[in-house]
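Biologist: Could you take me through the salt bridges in this model, slowly, and then show me what surrounds them?

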Amino acid sequence: MEPEQPSPDTEQESLHTEPHLPPPTLWPIGFAIGIVVVLVGLIINPELISSIGGVIAIVFGFLWARDATAELRGEPLVIEPERRETREAGEGMTAPPADQQGVALPVVPDTAVTRSRFLEGATLGLGGVIGGVITVPVAGFALLPSFLSQKQHKVDLGPLDAFPLGEWFVATFTVDPAQGEVSRRTAFIRNNGTAPDPKTKKPVPSFTIISNRCAHLGCPVQANGPTGAILGKKTVTEHTKNGKVKLDPVVPAGYGCPCHGGQYDVEGNRTAGPPVRALDRYSFEIDNGRLILLSTYSVSHVVGTGADAKIYKYKQAGPGEHVDGPEQWLYPLQPPHH
Ligand code: FES
């Protein structure tokens with residue numbers, strides 16, 4: 001007697017009245033909210049808000065991944081199984097006798113990996129690998145420099161005698177001799193004599209050391225005024241641990257940028273054009289009677305001049321970046337600039 005087969009109508013109905021999709025989940029939404037909080041935090045407060053967003057994204061991402069991989073990990077699913085899959089595995093069907101219609105299909109054990117499971121796992125695994133290959137390097141290059149401390153270079157500019165009191169020099173030097181010319185920098189330097197130390201109140205050497213990198217887009221600004229031969233003075237070359245340091249005498253009335261016409265006064269304050277702040281400055285120290293340049297810092301503006309100047313200093317910012325006022329919040333986390 002022929003086994004009873006379901007009618008096509010009954011089959012269609014049963015296939016479409018059963019739920020074949022996983023139930024809706026809120027984990028992806030929580031994960032997306034976490035990512036948004038991380039990105040907003042990068043603008044507002046990287047340490048606090050981005051950390052909170054990271055925790056949210058990790059928690060919801062974990063719950064999402066746990067749900068998505070429940071079947072692979074052998075956990076019972078909440079959904080009804082799809083009927084077509086059970087028939088593919090031979091369940092509920094009567095296999096023909098081997099001596100009449102060929103070899104009967106082997107019985108598939110429950111623990112075996114079915115084709116659909118294999119494809120699902122392969123898709124998830126391959127998708128994860130491709131996603132990781134694409135996103136990890138991009139995220140690394142974009143974010144890691146912000147969190148890695150970079151080596152601080154000290155630049156020996158020569159003995160203090162090379163900088164007579166009150167005179168300006170255009171100094172050119174290499175920050176890292178091993179890197180060669182790509183690390184060449186220029187600074188405008190004036191020996192201000194001495195100024196009281198903010199803590200001890202004892203007189204300490206005072207220098208004004210201004211970077212020539214424009215605060216608009218980073219072009220090299222030039223001194224507005226006569227230099228070297230025009231002044232009847234010679235350019236001095238000092239031989240230091242950092243290689244040759246050239247000191248070109250100058251009498252600046254200010255500084256000008258050849259790229260877009262940005263102008264600065266002699267203390268580096270912006271006076272005209274597109275720059276958004278004053279010129280950056282170098283911190284320094286005196287070591288064994290020699291002037292040593294340290295790292296750069298950014299300046300919003302300077303009040304006064306020389307040893308009496310009050311400098312509004314900030315952490316080193318990139319060209320075009322505001323360091324004060326509400327505009328500073330428009331700039332996301334920046335990598336260190338030197
Ligand atoms: S780079 Fe200097 S004004 Fe634009």
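Modeller: Sure! Let's count a salt bridge whenever a side-chain nitrogen of Lys or Arg sits within 4 Å of a carboxyl oxygen of Asp or Glu; that rule gives eight of them here. Keep in mind that this is a predicted model, where local features need pLDDT of at least 70 and side-chain atom pairs count only at pLDDT 80 or more, while totals for chains, interfaces and linings use all residues. Residues are numbered from 1 along each chain as its sequence is written, and side-chain values use heavy atoms, with hydrogens and water left out.

Start with Arg290 and Asp156, whose closest N and O atoms are 2.8 Å apart. Arg290 belongs to strand β12 (residues 290–303) and Asp156 to strand β1 (residues 155–159), so this pair ties together parts that are 134 residues apart in sequence. (Strands here are DSSP E runs of at least two residues, and helices are H or I runs of at least four, numbered from the N terminus.) Asp156 is buried at 5% relative accessible area, while Arg290 is partly exposed at 24%. Those words have cut-offs: buried is under 20%, exposed is over 50%, and partly exposed is in between, using a 1.4 Å probe and protein chains only.

Next, look at Arg184 and Glu181, which meet at 2.7 Å, N to O. Arg184 counts as partly exposed at 33%, and Glu181 as exposed at 55%.

Now find Asp280 and Arg213, a salt bridge at 3.5 Å, N to O. Asp280 is in the loop between β10 (270–272) and β11 (281–287), Arg213 is in the loop between β4 (203–211) and β5 (222–223), and the two are 67 residues apart. Both are buried. Elsewhere, Arg190, Glu267 and Arg281 are joined into one network by salt bridges that share partners.

And the nonpolar side? A nonpolar core is a set of buried Ala, Val, Leu, Ile, Met, Phe, Trp, Tyr and Cys residues joined through side-chain atoms within 4.5 Å. The largest one has 17 residues, and Leu157, Phe163, Phe173, Ile189 and Ile209 touch the most other members. Two or more residues come from each of β1, β2 (168–174), β3 (184–196), β4, β7 (243–250) and β12, with β2 giving the largest share, three residues. So β1 and β12, the strands of the Arg290–Asp156 pair, both contribute to this core. A second, separate core of 14 residues includes Cys214, Ala215, Tyr255 and Leu279.
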